[in-house]
Amino acid sequence: MTTRLTLRRPDDWHLHLRDGAMLRAVLPESARHFARAIIMPNLVPPVVTADDAAAYRDRIRAALPEDADFTPLMTLYLTEESDPEDVARAAETGLVTAVKLYPAGATTNSASGVRDMDRVRPVLERMAAIGLPLCVHGEVTDPEVDIFDREAVFIDRVLDPLRRAVPGLRVVMEHLTTSDGVDYVREGGEDLGATITTHHLVINRNHLLVGGIRPHYYCLPVAKRERHRLALRAAATSGAGRFFLGTDSAPHPDHAKETACGCAGCFTATNTLSILAEVFEAEGALDRLEAFTSLNGPDFYRLPRNTGTIALEKGDAVEYPAAIQAGDDRVTVFDPGMPVHWRVVS
Ligand SMILES: NC(=O)N[C@@H](CC(=O)O)C(=O)O
Ligand SMILES: [Zn+2]
Ligand SMILES: [Zn+2]
């Protein structure tokens with residue numbers, strides 16, 4: 001029985017760090033284990049221009065613990081006013097690693113997102129020309145479409161037409177939640193990748209709704225049926241190259257989640273690696289964990305793999321805090337609902 005696991009240092013290809021006191025509270029939780037992370041730009045106001053991204057990167061660097069070895073990979077929030085020149089310059093100087101598409105109204109802080117895809121075509125064409133990836137929150141916002149179908153409908157109505165209209169555009173489907181998404185990525189060729197979160201490998205919609213509504217399991221895209229969770233587990237543990245970890249760790253103060261209209265987002269930075277090791281072990285795929293956490297992502301993004309390593313050991317159930325404190329706010333840590341036995345030891 002394997003009881004020790006050494007992995008190349010992992011990266012998180014989808015992370016929300018927020019700003020201010022929240023940033024200072026959550027950043028060490030990611031920097032402890034991850035070498036790099038794609039930093040989501042959905043602040044209020046959003047990170048739209050190269051100048052915004054440089055200022056946010058500097059605030060993140062300033063909030064890092066002194067001994068941390070962590071590189072934020074910045075993104076720009078795509079709006080209908082985004083300037084192709086500004087985006088291209090930000091990419092060419094190495095300031096940004098990707099651009100993020102939020103359909104307007106699809107998720108937390110997406111009000112400035114895109115309504116009409118035709119209006120962002122010049123930016124997307126420029127991105128295709130320089131190889132700058134587009135990270136996509138893949139849900140339609142049409143009120144007629146059932147929330148459990150929004151990812152599948154997005155693929156048909158928006159993503160597939162977009163990829164045909166802008167050949168060569170490199171796309172990451174963020175936080176996949178359906179077997180439809182898994183199939184589309186499998187068949188999508190080398191310019192299409194996908195992140196999968198830790199929590200979507202663990203919960204289905206029953207966890208959210210059975211026996212009482214559980215706001216800390218509410219995230220977007222919302223967890224789906226069990227068969228979709230199983231498809232995600234199969235994809236993540238397959239070792240297949242274009243699936244990689246993006247935790248989508250998305251902290252909200254407890255008071256904003258435990259309320260009549262609660263925010264979407266699960267905070268998983270603290271215990272993600274322990275949970276993932278448990279999941280991969282259960283699938284008989286511990287030998288493929290490194291591909292998911294540490295190899296496939298940099299390969300897709302055409303960045304060097306990390307050189308350092310991280311070690312996990314299996315033992316008694318790991319104890320981690322139920323919540324962390326962010327200024328005056330409490331932020332509940334994702335509860336996988338099962339004991340996890342793998343702890344990060346170095
Ligand atoms: N995933 C979530 O449920 N929430 C994210 C936004 C997002 O990634 O869609 C957040 O910023 O809180
Ligand atoms: Zn999203
Ligand atoms: Zn997110």
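**Exercise 1. The nonpolar core**

Task: In this predicted model, determine which residues of the largest nonpolar core touch the most other members.

Solution. The largest nonpolar core contains 102 residues. Within this core, I39, L76, L134 and I196 touch the most other members. To continue with I39, set aside its neighbours within four places in sequence; the contacts of I39 are then L15, L17, I60, P72, L73, M74 and T75.

**Exercise 2. Strand β8 and its partners**

Task: State how many residues of strand β8 are buried, and identify the strands with which β8 pairs.

Solution. Begin with burial. Strand β8 spans residues 192-196 and is mostly covered, with four of its five residues buried.

Next, consider strand β7, residues 171-173. β7 and β8 are parallel and are paired over three bridges. M173 has A194 in β8 as its bridge partner.

Then consider strand β9, residues 243-245. β9 also runs parallel to β8, and three bridges join the two strands. Here T195 stands opposite F244 of β9.

Finally, add the helix: β7, α6 (residues 179-186) and β8 together make a β-α-β unit, which is right-handed.

**Exercise 3. The buried side of helix α6**

Task: List the buried residues of α6 and explain why they lie on the same side of the helix.

Solution. The buried residues of α6 are four in name: G181, V182, Y184 and V185. Because they cover an arc of only 165 degrees around the axis, they lie on the same side of α6. The elements that cover these buried residues include two helices, α5 (150-165) and α8 (226-237), as well as the strands β7, β8 and β9.

**Exercise 4. An open sheet and a helix across it**

Task: Give the order of the strands in the open antiparallel sheet, name its edge strands, and state which helix lies across β1, β10 and β13.

Solution. The sheet has three strands in the order β1-β10-β13, with antiparallel pairing. Its edge strands are β1 (4-8) and β13 (342-344), since each pairs on one side only. On average, neighbouring strands of this sheet are turned by 30 degrees against each other, when direction is ignored.

Now examine one pair in detail. Strand β10, residues 309-314, is joined to β13 by three bridges in the antiparallel sense. K314 has W342 in β13 as its bridge partner.

The helix that lies across β1, β10 and β13 is α10, residues 272-282. α10 runs at about 145 degrees to β13.

Notes:
Residues are numbered from 1 along each chain as its sequence is written. Chains are lettered from A and ligands numbered from 1 in the order in which they are written. This is a predicted model: local features need pLDDT of at least 70, side-chain atom pairs count only at pLDDT 80 or more; totals for chains, interfaces and linings use all residues. A nonpolar core is a set of buried Ala, Val, Leu, Ile, Met, Phe, Trp, Tyr and Cys residues joined through C-beta atoms within 7 Å. A residue is buried if 20 or more other C-beta atoms lie within 10 Å of its own, exposed if 12 or fewer, and partly exposed in between; C-beta atoms are placed from the backbone. Two residues are in contact if their C-beta atoms, placed from the backbone, lie within 7 Å. Two strands pair if DSSP finds at least two bridges between them. A crossover is right-handed if, with the strands pointing away from the viewer, the path from the first strand over the helix to the second runs clockwise. The arc is that of the directions from the helix axis to the C-beta atoms. Axes are lines fitted to C-alpha atoms, for helices over the stretch in contact, and angles run from 0 to 180 degrees between N-to-C directions.
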